[in-house]
Amino acid sequence: MSGSYNIHNFGAMIGDRVRRVAFERAMSEVITERTTVLDLGAGTGWFALHALALGAKRVVAVERLPAIRHLHALAEGHPRRDRLQIVEGDSSELDEEFDLIVSDLRGSTPFFGDHFTVAADARRRLLATDGVMMPQHDKVHVALVENQGWWRRQVEPWLDAPPVDHRVLIEQITSTPARISVSTAQLRSTAGSAIALDYAELDELAERRTHSGHAELRGRSGTAHGVAVWFSTVLINGVGFDNGPARTDPTYGRTLLPFTTPLEVAEGETIDVRIDVRRHGGSWLWQWSATAEHGNRQGASLPDPSTSGSGSSPARAAAPGIMGR
Amino acid sequence: MNGTRYQRNPEAFSRTLPSGEAVILHPDSDEYLGLNEVGAVIWAQLDRPTTLEALISVVAEAFPDASESARHDVERFVDDLNQRNLTRAVQPTS
């Protein structure tokens, strides 16, 4: 669940009208002709250009990826071009304070790359006293979801494929979070907020290795193939957006945490969904469980060392034992 | 350890493998650890607060041919998990 963006992804983000309008509105409520603005992780610099259009006093766009080079051409001839500084590099190299730091360093969830670390450093060193950091809060939402299309494409081919039992492949596929589309009609439970992220506490978020939470949901009759995950955000008070199933294909997509076998859900039953998200190197690992009255499912995005080449299978022993890998 | 209930450290991510074994990502060291099938059966029970007696019963049921030292083996295994910060003793809920 990590990666990087290119201009195609940045284009899709700008094309997400709900997202764009929310950022436009939030920025317009903060920026005046006295405001200095940092566009953190600027991509092709859309936030920076919008800040210029709103008359910001000074704008710095910083981005590690080469996509930022396009901003030189995009800003050429702009009547306020002299107020814009373009930095291809890391925000840790900057050393000045800004009244507004605006960023969107998330993937399909806020747990993406070094989002928290980069944002925490910027907040600590680069945000002026009484400055505004945007976004301010995210919530991670979960619901059970039926996704026959994903199941048919990814799992069913292996269910009846003699001459061998392909269970090992199914286990691996269903241990891997997938990006899916979700509509409200596909939900097999109510939705609930499992994890709240307060970006006023970015230092603490960046320090924490594991982010955990759960939501108590009510079942909707049907077959669930996993837990769907998405997020909502508050940019500033009263302005935000969400990527929930009620929206048609938001740019962020949604994440499916799959079950190895589908879970039959009864109408109205209580289901406790727990998720844990853990930093591991430069990526994030997920662990999930759904505990219902008539069954439970769990999974984790850990590799099987016997097939991933990271170690040998532990010896079979009569007594319980732990072996390092 | 009698009467004490044990539960997984929620930061110890784990997964049961098709072989019946399990893999755990250590919460502190980021090292992968493997559990054999007997250990994996015990680990599965530890997703909720569980007593040693309950664990011994589960092992005896799952592995009828387990040796007479099963009780001692389970105690030693849980002690090992605790020392590695993979499980912890939990207070009973009132």
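Guide: Helices here are DSSP runs of at least four residues, and strands are runs of at least two, numbered from the N terminus. By that count chain A has 10 helices and 16 strands. Keep in mind that this is a predicted model.

Visitor: What ipTM and pTM does the predictor give the complex?

Guide: The complex gets an ipTM of 0.79 and a pTM of 0.88. For chain B, the mean pLDDT is 88, and 94% of the residues in chain B reach 70 or more.

Visitor: On to overall shape. What radius of gyration does chain A have, and what would a compact globule have?

Guide: Set the value against the one expected for the chain length. A compact globule of 325 residues would come out near 20 Å; chain A has 22 Å, which agrees. The C-alpha trace of chain A spans about 70 × 45 × 35 Å along its principal axes.

Visitor: How many helices and strands does chain B have?

Guide: Chain B has 3 helices and 6 strands. Along the sequence their pattern is β-β-β-β-α-β-α-α-β. The radius of gyration of chain B is 13 Å, close to the 12 Å from the globule rule for 94 residues, so chain B is as compact as a globular protein of that length. The C-alpha trace of chain B spans about 40 × 35 × 20 Å along its principal axes.

Visitor: Now the interface. How many residues does the contact take from each chain?

Guide: Count residues, then look at area. The contact takes 35 residues from chain A and 36 residues from chain B. The two chains bury about 3,000 Å² between them, with 52% of it on carbon and sulfur atoms. Three residues of chain A lead: A:Arg278, A:Pro320 and A:Ile322 supply 24% of the area that chain A buries against chain B, more than any other three residues.

Visitor: How many salt bridges does the rule find across the interface?

Guide: Apply the cut-off: a side-chain nitrogen of Lys or Arg within 4 Å of a carboxyl oxygen of Asp or Glu. The rule finds 2 across the interface of chain A and chain B. A:Arg209 and B:Asp30 meet through their side chains in a salt bridge, at 3.1 Å from N to O. Polar contacts join 14 residue pairs between the chains, both residues at pLDDT 80 or more.

Visitor: Which elements give two or more residues to the side of chain A that touches chain B?

Guide: They are helix H8 (167–173) and strands E13 (270–280), E14 (283–292), E15 (295–300) and E16 (322–324) of chain A. E13(A) gives the most, with 5 residues. By type, that side of chain A divides into 16 nonpolar, 10 polar and 9 charged residues.

Visitor: How many salt bridges does a search of the whole structure find?

Guide: The search finds 22 over all chains. A:Glu29 and A:Arg25 form a salt bridge through their side chains, at 3.6 Å from N to O. Check the spacing along the helix too. A:Glu29 and A:Arg25 are 4 residues apart in helix H2 (residues 17–30) of chain A, so about one helical turn separates them.

Visitor: Backbone geometry next. Which residues does a cis peptide bond join?

Guide: Read omega. The bond between A:Met134 and A:Pro135 is cis, with omega about 10 degrees. A:Pro135 is in the loop between strand E5 (127–134) and strand E6 (137–145) of chain A.

Visitor: Which residue has a positive phi although it is not a glycine?

Guide: Read phi this time. A:Asp130 has a phi of about 70 degrees. A:Asp130 lies in strand E5 of chain A.

Note on methods
Residues are numbered from 1 along each chain as its sequence is written. Chains are lettered from A and ligands numbered from 1 in the order in which they are written. Side-chain values use heavy atoms; hydrogens and water are left out. Contact means heavy atoms within 4.5 Å. Buried area is the accessible area (1.4 Å probe) that two parts lose on being put together, summed over both. A polar contact is a pair of N or O atoms within 3.5 Å; within protein, one must be able to donate a hydrogen and the other to accept it, and residues adjacent in sequence count only if both atoms are side-chain atoms. Ala, Val, Leu, Ile, Met, Phe, Trp, Tyr, Cys and Pro count as nonpolar, Asp, Glu, Lys and Arg as charged, and the others, Gly among them, as polar. pLDDT is the predictor's confidence in each residue, from 0 to 100. The radius of gyration is taken over C-alpha atoms; the globule rule is 2.2 Å times the number of residues to the power 0.38.
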